Structure formats: structure tokens, C-alpha cells
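Hello,

Here is the structure we talked about handing over. Please open it first, then read the notes below.

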Amino acid sequence: MESSIESSAPAPASWRVHKFGGTSLADPARIRHVADLLGARTPPVAVVVSAMSGVTDRLLALAEQAHTDADGLSDRLQSLRDDQRAVVTDLLDGDAAASVLRTLDQDLDDLADVLRATRLMGTAPDTTRDLVAGYGELWSARVLGGVLRHRGLSAAVCDAREVLVVTHEEMGPVVDWEATQERFADWRAAHDTPDVIVATGFIATTPDGVPTTLGRNGSDHSAALFAALLEAEALTIWTDTDGVMSADPQYVPDARRLDALSYEEAMEMAYFGAGVIHPRTLSPAVEHEIPITIRNTFAPDRPGTRIHLNDDGASVVKGFSTIDDVALLNLEGSGMIGVPGIARRLFNALEEEGVSVILISQGSSEHSICFAVPQAQAEVAREAAEHAFYAELDRGQLRTVELVPHCSILAVVGDQMAGTPGVAATFFGALGEASVNVRAVAQGSSERNISAVVDGDDARRALRAAHAGFYLSKRTLSIGVIGAGNVGAALLDQIRTEAGRLRDQQDIDLRVRGIAASSRMLRAEQRLDLETWRADLSAGEATDLDAFVDHVQTDYHPHTVIVDCTASAPIARRYEDWLERGIHVVTPNKKANTDTWTTHQALQAASRGPGPQYLYETTVGAGLPILQTLNSLTETGDQVHRIEGILSGTLSYLFNAFDGDRPFSAILRQARAEGFTEPDPRDDLSGMDVARKVVILAREMGVPLELDEVSVDGLVPGPLRDGSVETFLDRLPEHDADMTKLLRDARAENQVLRFVGGVTRDGDASVRLRRYPADHAFARINHTDNIVRFQTDRYDETPLIVQGPGAGPQVTAAGVFADLLRLMS
């Protein structure tokens, strides 16, 4: 019966420990927010607090200045008193406020006495600094405890100096665990089990009862110690970030929050400078297997990062971090080979000088030992090494100790790296592609970490490149769009619609990071919001194309492309420079390909091989595969003799619509209103647009045709070639009769009018209005169709024909989009 009763009794509730740092407690509003978070938790709860943001610095400044600036000391102390009293009176009232204020005043009176003694001694010893620095945590704990009690919770404030007993050794503070457990048991016996224990972080006491601190990240360490003392089931550390990031987001815009880390991964990342959690904090949690969660105080709905025995296994590599301001030293010489004790002598000499060795790398030949030390200790380390091996250096058995200053160590960390082939290849491949020179490498047998020493100037680029190598798809494309008119706007809308599907289904990550118009440009570090780009661009910064391109091309995106949706010759002249920089170029702009033959050859040479590509399918036929077809013919050995076609969607539309019922000028106005013509329709009617396409086709055949070698008979009446667009449109009806006569003459012979461009293999090129029989392929086109006829060795009696819509922003944009996807294929 007794056994049954015991087994059915409810188990005591498990403690959960929460730690809040200075930014989480920076002002009364934030303290209330912390109280809200704690009030929503089911008791029992323990909370460990830091001093309010800035308070510890102010206290330490008082200790430092006490013996040098006595006149201002009283004012600064009074300012601190006023600020703390204001916090108390804002949060508490009545007896609760009076009690906390009395204790606060007593603390400040004691602090004044300590500072007075410091002034008399003329120095501030470490014990005094520790005593003074600890007041901030006491004030935070008392205020928060008062707020919680005001809300109806039983809250007991625990001064950690009554509980935590530590000694300071070479490796840092060491907890006297037996004494600490006894003191905590006594403290709990003196306090009925409260809903909330509010404990001070950072501070402790020595075995002799002298106040001390736990040093850097001391409050986190305190939280882990209290979690262990309470045998808590979980520890949550609340900060101002969403959790542990894969890299420092200040340097890597694509850094991601990690869902989970193992204890070992967290320790590795912390050692190499990541803002994770100090290894000392982890020790009590590791020993007692207490999971730690890093969460954002200001976004408590976000899940944060969980640190426990094992990670989530989702990523082979978890994170990247760097140690900066490092010097690399190399001890080298044949006299080291096979000689026992070399490493011992070296590191004993460094230890005697107090030099901290961060990284060691030694080849199996034993010909050299390479090691990294803090930059500030570089010269001391070199002198220690030279002194230790003075005899060998004098006899020439060893070379002079080489010192490479101002380096950084880049580390890649992940439990799943062990046994996974290709991790090192990806890491060093990414650094190589970013042109980062690796000076030294180290990897432990656990395979949990690979470290590379790089020049300090390359550290940020190396970090971004390595992160991209593992976290970004190899098919991530940084896109800059120049020209936000009809075609550019349609392209951006198409990308917005399809980007999610391409990312999810084909692992193609299209990131539009810049849009530039003639006067304004828009840039984003990760990707622009394509829902609002029009409004955003109108309020953008002044266009600077050099700055724009520099932004779009990064060292942490695998590919960069500039999409030129303008008709600008000056922009086209930049293509060669962009290609030489490793930037892909995609464009419907015909100006570059119809510049001189020399320029054309230079562009082709710059895009030849596995590097940047230059894609311009839409310069002829909009979205039709005209250039692809031509290239397929020539690359497979077919001989092309003649190409001719209706190459202007605008003129195709005009002559399809021109049936004699409406005058030609009216049809032209309608076409312009629907976006089928250039802003100045004379650019279409002149035939120069078709002439440029003819030149492009000729050059794709290998014919070195220049634009001025094309015979062009345009449709702009001589008197209307100059003047404004509106004047041209107003006066064009004067020439409608001439166009109507041409139409009637053609119809009289059962023919149609078509504006055609063509070129032969001999370089005979022309553009003009022609007449074709009603049963000819060129007569059977619709709306804005382009049609191109290839006469080749293989397609002689029955020429190959490509036909389809060849004008309109949507069609052209789709062709540009297809070129973007071709880059990723």
C-alpha cells in the first residue's frame, strides 16, 4: 500500500533557469518586459541577472578615477545614485520602493567609503574593483524581485556571494563545489521555496570571504552554476539576438540562425571568437547534461538555438568564426628532423614568457613547426624561440624564425564533418575561388574543426567565401538589373513570380540585389523586395553605376550577373570590363554586338571558356531561339549561306495591321501606345534596329560585317527625320497616301508588304520593304511575329524557319529570364 501511495505522489516540479543580460534590463520598460516573460512561466523558476546596461562600466570608472579625479567623484557618484533611484521609483511604489531605496542608499554610502579609501591608497586593487563592480547585479536583482512580488509572485533575491565560492587559478575561476553546495542548501533552508529565485550573476566570494567576480561572461557562468545546483531541466540565456548564427552577421549578410548545436560545436565556435557562449559557461551544463537555449528577449516568440548533447544533424558544417590580430611564426630547418624534444623546448620557452599559443601546425617531415600567437605577443614569441634555439640557429641547423604579422584564423566547425568526404575540398575551394591565400592549416583527429591562417586583410572575404561555399546554393545568382522600363519591369515581375518555385524545386536562388534606372538606384544586402520595388526605386539614391556594380558583385555569392535592359551605348561599352571582372552579362541591348568588329571579338574573347558568360539571345527575335538555332547549325558543321527574315516585331505588327482601312499613321500611334515601338517610333521605322540585328546574325555566322556596310532603306520620310517625336507623329499623316499606294500596288499582284533584313555568307546585307507572294512563309505571320529563314547545306531546298512573337516587354523579358536560367544550367 505504501509503495502504491509513493508511486502515485506527484514528483516535485523541475526548475528552469533563465539568465538576462544588461541589454535585456537596460531600462524600466525592459525590466517590465522581463517580468512579463517570467510571469508567463510555470514555477519554480530561477533567474540570474546582470547589471543594467552601462552600470558596471560606470562603477569600474569610479574605482579607476577615485585616486586621480577626486573633485568629480562626488558628482559622478550622485549621478549614479539619481539614475538608480529613478529606476526604482518608476517600477515600485509604497513600502516596496522604500525598502529597495533604503538598501540602495546604504550600498551607495558604502561605495563612497570604499572609493574614499581607494583615493587614500592611491590605487584600486583587484579586490576593490571586484567589490565595486558587483553592485550593479545586486541592484538589478532587488528591483526585479520587487517587481515580481508586486505582481503576486513569491520571489527571493539570492546574493550569489552568499553561495558561490571560487578560487582564481591560471585557467580562470574554479568553483569549490562542495562548499558551494553546502552554502546553497543553507540558503534554501532559510527561504521557503519561492516561485522565483532572483540571483545575481557575475559575483561570487573567495574561500576567505572576499568578494570577487567570475570574469568575462561571468553572468552566463553564474546561470549555468545555479542550473547545476538546482538540477534544472533547462537553462535559457536571453540576449538581443535570435540565437547562435552560422557566422557574424556584421560580416556575412547571409548568416543564418542555427536551430541546434552540440556542446562540442558550441565550444569550438566560442574558442574561435564566435559570440556564442563562453566555454566556462558550458562546463557545468555539460557535466549535468542541461540543455541551453539562446533566445532573443525582444522576440520571445522565436525559437532560438538549442545547445545539448547532439546537434540536429541537418548540416555538415554548422558555423564559421575568426580570431583576428594573430601573428604566425615558423621555426624551420633540417636540424629538427628526427630530433626528440624540439617541440617541448619551443613551447616551454613560450610558456616561460607567458605567450599563448592559439594554433599549431607541423608537417610529418618534422622539418618545421608553425604556430600562431596573439599579435601583441609576436615579438616576445620570436625572441623566446630564437633564445631557446640560439645554438642551432648559430650553427645553421635552423633558419631564422619567420614572423608573419597581422593574420587571422578562420575556423569551420561541425560535428558532422567527421567522416564526411569533401568538406576540406569545399572549404579550400571556396577560399581559392575568392583568391584567398592560405598560410597554414590545422585539423584535429576529431575532424570537428578545420582552421586556416590567412592574411588579416583577407579575413572578411575568406569568411564570406567559406560561408557561401557551404550555406549558399552553387546556383545562387546575385543579380543587378539596369533599366527599369518596359522590359526591365516585366523581367522583375517574372522573377518575383517564379523565384520561390525555382529555389524550392531546382535549387536556383535568384537574388535581385540591385536595380538601377537613369537617375535612381536601389540596393539591398541580401535581396530586394520585388513586391515594392517600383515605389522603393522612386525614393532610391542617385544612380552611380560604379558603386552599383561593386555592390552587386560580392565575394560571397557564387555568381554575379548584370542584366542590361537599356538601349544605351555607353552602358554597353562597359560589358568588356564587367566580363573581365568575372561578372556575367545578359542583355537585349544590341549596341555592344553592333559596335566595331574589334569590340565584338573582344567581348567574345572575354566570355570564352568556363568563366563569365555573355548571353544576348534577345538581341534578335526577343524570346525566340534564333541565335541558339544559328549557333547549333554552325557548331555542328552546317554551312549557312543566307539568313533573311522579318526581324522587327514592331514592323511586323504594323504591316499585319495595315490593311488599307486605317491609315498607316494611325496604326503607328496605336502601336506606340501599346508599347510595341520605341519611345521614338523613328528608331523602328528607320530600319536601323533591323540593321543591327542583321549585323548580329552576320557576326554569329563569322562574317565581319560592320553596321555601315548594311544597305538600309528606311520608312521615315525625309522631311520628318529631324524634330520632336510629337511633331513627327503630327505630320506623318501627310505621307499616308504614299504608304497606301504601296499597299494597293502589292495587293494588285496578290502580294503583301513585309519589312525584311537579310545577309549572305559573302557579306551582302540589306534592310528594306519588300513584296512577297501571299503563299510565301513571310506572308503567313500574325500580330508581332518574327520569322527567320535559314538557308544552309542541310536546309537548302526547304529552308529552316523559326517563327513566333518577336516584340513586347513580356516576350523579351521572358527571353532574358531564359538566359538567366541558362547561366545556372
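The 35 residues lining the second largest pocket divide into eleven nonpolar, 15 polar and nine charged. Here Ala, Val, Leu, Ile, Met, Phe, Trp, Tyr, Cys and Pro count as nonpolar, Asp, Glu, Lys and Arg as charged, and the others, Gly among them, as polar.

Some ground rules. This is a predicted model, where local features need pLDDT of at least 70, side-chain atom pairs count only at pLDDT 80 or more, and totals for chains, interfaces and linings use all residues. Residues are numbered from 1 along each chain as its sequence is written, and side-chain values use heavy atoms, with hydrogens and water left out.

Back to that pocket (on a 1 Å grid over the protein atoms alone, an open set of points with protein on both sides within 12 Å along at least five of seven lines; lining residues have an atom within 4 Å of a point). About 920 Å³ of space lies in it (the space filled by probe spheres set on the points, which are joined across faces, edges and corners). Closest to its centre are Val 487, Ala 567, Lys 590, Thr 677 and Glu 678. Helix α27 (688-701) gives the largest share of the lining, four residues. Helices (H or I, at least four residues) and strands (E, at least two) are DSSP runs, numbered from the N terminus.

There is also one cavity of 30 Å³ or more in the whole structure. A cavity is a set of points where a 1.4 Å probe fits but cannot get out. The largest cavity holds about 50 Å³. Its lining is Gln 84, Val 88, Val 100, Leu 104, Trp 139, Arg 142 and Val 143. Helix α7 gives the most, three residues. The split is five nonpolar, one polar and one charged.

Next, strand β2 (residues 45-49). Five of its five residues are buried (under 20% relative accessible area, 1.4 Å probe, protein chains only). Val 45, Val 47 and Val 49 point one way, and Ala 46 and Val 48 the other. In a regular strand the side chains alternate between the two faces of the sheet.

What does β2 pair with (at least two DSSP bridges)? Five bridges join β2 to β1 (residues 16-20), in parallel. Val 17 is the bridge partner of Ala 46. Strand β6 (residues 196-200) also pairs with β2 in the parallel sense, over five bridges. There, Val 47 stands opposite Val 198.

Best wishes

How values were computed: Buried < 20%, exposed > 50% of the residue type's maximum accessible area, 1.4 Å probe, protein only. Pairing = 2+ DSSP bridges.
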